[in-house]
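Q: Can you walk me through the ring contacts in this one? I have the viewer open.

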Amino acid sequence: MDNAVITESYRCVRYFCTTGSGLEPFLVEEVKRKLLAIDVEFIPGRVFFTTDAAMESISQLKSAERLFLLLHRSPPIRAPVNQAKAASVVQQSIVGDSEVWKGALCTWSRLRARLTDVKTTRKRKREEGQDEEEDKHTETQPSHPRDTQSGVSEPQTDSEQPKTTFRVSCRSSGVVAKRFSPQDLSRLIGSAITKQLNWRADLKEPELEVNVYLSDDHCVVGILLSSHPLAKRSYIKHTGLRSTVAWAMTSVSNMKEGAVIIDPMCGVGTILLEAAQECPNACFFGLDSDVGQLQKAAENVEYAQLTDRVQLLQASAMGIPLPSGSVDVVICDVPFGRKFSCGSSMAAALPEIVEEMERVLRVGGSLVLLLSLQLSTLLKKKILKDALPCPATTAVGSPASDTLLSSETDTCVTHTHSENAQLSDGLTLRPFCSLHTHSIHKVSLGNTDAVIHTYTKTHGH
């Protein structure tokens, strides 16, 4: 069993974060790099890690949705056929040792207090119009955590233990879901918590929320640390693309300080705002042909206090008003779906749009695109076709095929080039010989899936 890890000498705590499907590898890399986390593991939709980092740093994770204190993670529950006995097994498996819960409550209270301090400081600084980077939190910066033993902080006595209100949020799948509805499971677990811990259930305004995830493969129990999702950015006024996906796109773009970065279909500017937070000394340009979108983008830029770093222009992605080879990074969420009513028209225009992006990109620069599954397939066929040996790509060592990272299988898949110059819809495609595929990641946007394509420009025309 994987219990919450808290040791008073080094303040190492075991957490987990939820994240969108396909973003787990991004979050794994982020907690290792930013928090120096150890014992990092993930299952679909959840990443587990141990760190002694300040709560201020943890609350700034960009690829996470919500943050939890891990109470325990154990093998899946094997419930008996008898319904009454099955209910008892579920209760005992979830609640278990009451001392673990009491100790976890002490840790949760301490972390919540620090998180509240962080939020108060950020709100005050935003109201004062000051840059958050000037805020030096009193907590120490993360050092590499030492190996710790499973355990919890010293629990308070019953007389000292604060009375707390709670509710249970339960998600289940597989055999358990067939036996019990989420509501039934919440009631069963809530009843056991009330009986064993003397806590009081409050479905409307509880002090804490117990989160339970049960499947045929996993049993995870945690306590929500903040009702405010990490994915809800304090610096964005008008929301567009999911902020976690926008950040993931910036993380694979190879941005550097002093770089010139453009989004030729910027919409409300979500990607630009995420990029500007990560790369404070770069220059950003946002283009869009829609005046209404640009107005919202301008409001977002002003709200985020980035007017001196982000410039907005009304222009078409098929005619970017910048010289050839003048841009270090092109990053773009290519519109698709019913919201934009541009499925077939975008498929027809995509080759010309990518060709224009390729033109303004410097040699060695990065192109990052978010595409629908249909547009992804179209572009992969085109890039693979155009990677066939041609006068510009006959240098020694040129790959005969592109090796792509498949997020669906977590393996490298080698794609053999097609010699067909036309797609099934009859579109004749012009060459993109200078774009080399770096990675491809499938991610969830909630009600649909999309694909992040990353390319490097290897040479000029």
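A: What follows covers aromatic pairs, burial and charges over rings. This is a predicted model, where local features need pLDDT of at least 70, side-chain atom pairs count only at pLDDT 80 or more, and totals for chains, interfaces and linings use all residues. Residues are numbered from 1 along each chain as its sequence is written, and side-chain values use heavy atoms, with hydrogens and water left out.

Q: OK, how many aromatic pairs are there?
A: The count is 5. Rings of Phe, Tyr and Trp (its six-membered ring) pair if their centres lie within 6.5 Å; planes under 30 degrees apart are stacked, over 60 edge-to-face, and the rest tilted.

Q: How are the planes of Phe16 and Phe48 arranged?
A: That pair is tilted, with 45 degrees between the planes and 5.6 Å centre to centre. Phe16 is in strand E2 and Phe48 in strand E4, 32 residues apart. Strands here are DSSP runs of E, at least two residues, numbered from the N terminus.

Q: And why is Phe16 with Phe68 called stacked?
A: Because their planes are at 5 degrees, with the centres 4.7 Å apart. Phe68 is in strand E5, 52 residues from Phe16. Ring pairs link Phe16, Phe48 and Phe68 into a cluster.

Q: Is Phe68 buried or exposed?
A: Buried, at a relative accessible area of 3%. Buried means under 20% relative accessible area (1.4 Å probe, protein chains only). Phe16 is buried too, at 0%.

Q: Switching to charges: which ring does Arg73 sit over?
A: The charged end of Arg73 sits over the ring of Phe48, 4.3 Å from its centre. The rule asks for NZ of Lys or CZ of Arg within 6 Å of the ring centre and within 35 degrees of the ring normal. Arg46 lies over the face of Tyr213, at 4.0 Å from the ring centre.

Definitions and conventions:
Helix = DSSP H or I, 4+ residues; strand = E, 2+ residues; numbered from the N terminus. Buried < 20%, exposed > 50% of the residue type's maximum accessible area, 1.4 Å probe, protein only.
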